[in-house]
Amino acid sequence: YYYFMLPFLWLSYPSPLGPVYAVAFFSTLTIFTVYHICKKMFSPLTGVLAAFFLTFASSAIELSRFSWNPNLAPLLGVLLIYFSWKALQNSKHWIVVAVLFSAIIQLHYLTLLSGVSAGILWIIGAVRAKQAKKVSGFIKHSLLSLLVVIISFLPLVAFDLRHGGINFQAIQS
């Protein structure tokens, strides 16, 4: 998250307000993304209603008032839902799901719960691939997705090994 904020700090240098601008930008982008995704998945009216409710949700407003790791989770979560839906239609999207999952779990450990949903959808995708006789493509995209997730965890594992397992202990407690 902090490395992600570096470009915004650079743009606002010497002012430390760069992350504030980034949070405002990504909070606004989330509203537009919710609209477009809900419009594609359901209907234009659903998109407008979802964007409207998100725009005026007190928790969304409160969280967009300061820079914090989970601030990007709503945007990544909505994209994760959308690309999981797309992956059920075409297994190549599992790679995008893996990238989004890898990014979202870097924000807060509670976002690991999104892995349960993605796992259930992956099982549904596996059943569909078997029924459509597209198993080889599904396996290829699944293995590439797994590789993406493993690679994304390597820096975290290295950090944890170097610092006595503090992240693992925090999750455990």
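Trainee: Is Lys133 buried or exposed?
Mentor: Lys133 is exposed (over 50% relative accessible area, 1.4 Å probe, protein chains only), with a relative accessible area of 73%. This is a predicted model in which local features need pLDDT of at least 70 and side-chain atom pairs pLDDT 80 or more, whereas totals for chains, interfaces and linings use all residues. Residues are numbered from 1 along each chain as its sequence is written, and side-chain values use heavy atoms, without hydrogens and water.

Trainee: Where does Lys133 lie?
Mentor: Lys133 occupies the loop between helix H7 (114-131) and helix H8 (135-162); helices are DSSP runs (H or I) of at least four residues, numbered from the N terminus.

Trainee: And what is its phi?
Mentor: The phi of Lys133 is near 60°, a positive value in a residue other than glycine. Most residues other than glycine have a negative phi.

Trainee: Which residues of H7 are buried?
Mentor: Ser114, Ala118, Gly125 and Ala129 are the buried ones, buried being under 20% relative accessible area. They sit on the same side of H7 because they cover an arc of only 45° around the axis, taken from the directions from the axis to the C-beta atoms.

Trainee: What do they pack against?
Mentor: The buried residues of H7 pack against H5, helix H6 (94-104) and H8. On the other side of H7, Val116, Ile123, Lys130 and Gln131 are exposed.

Trainee: Changing topic, which peptide bond is cis?
Mentor: The bond from Tyr13 to Pro14 is cis, with omega near 5°. Pro14 belongs to the loop between helix H1 (2-12) and helix H2 (18-41).

Methods:
Helix = DSSP H or I, 4+ residues; strand = E, 2+ residues; numbered from the N terminus. Contact = heavy atoms within 4.5 Å.
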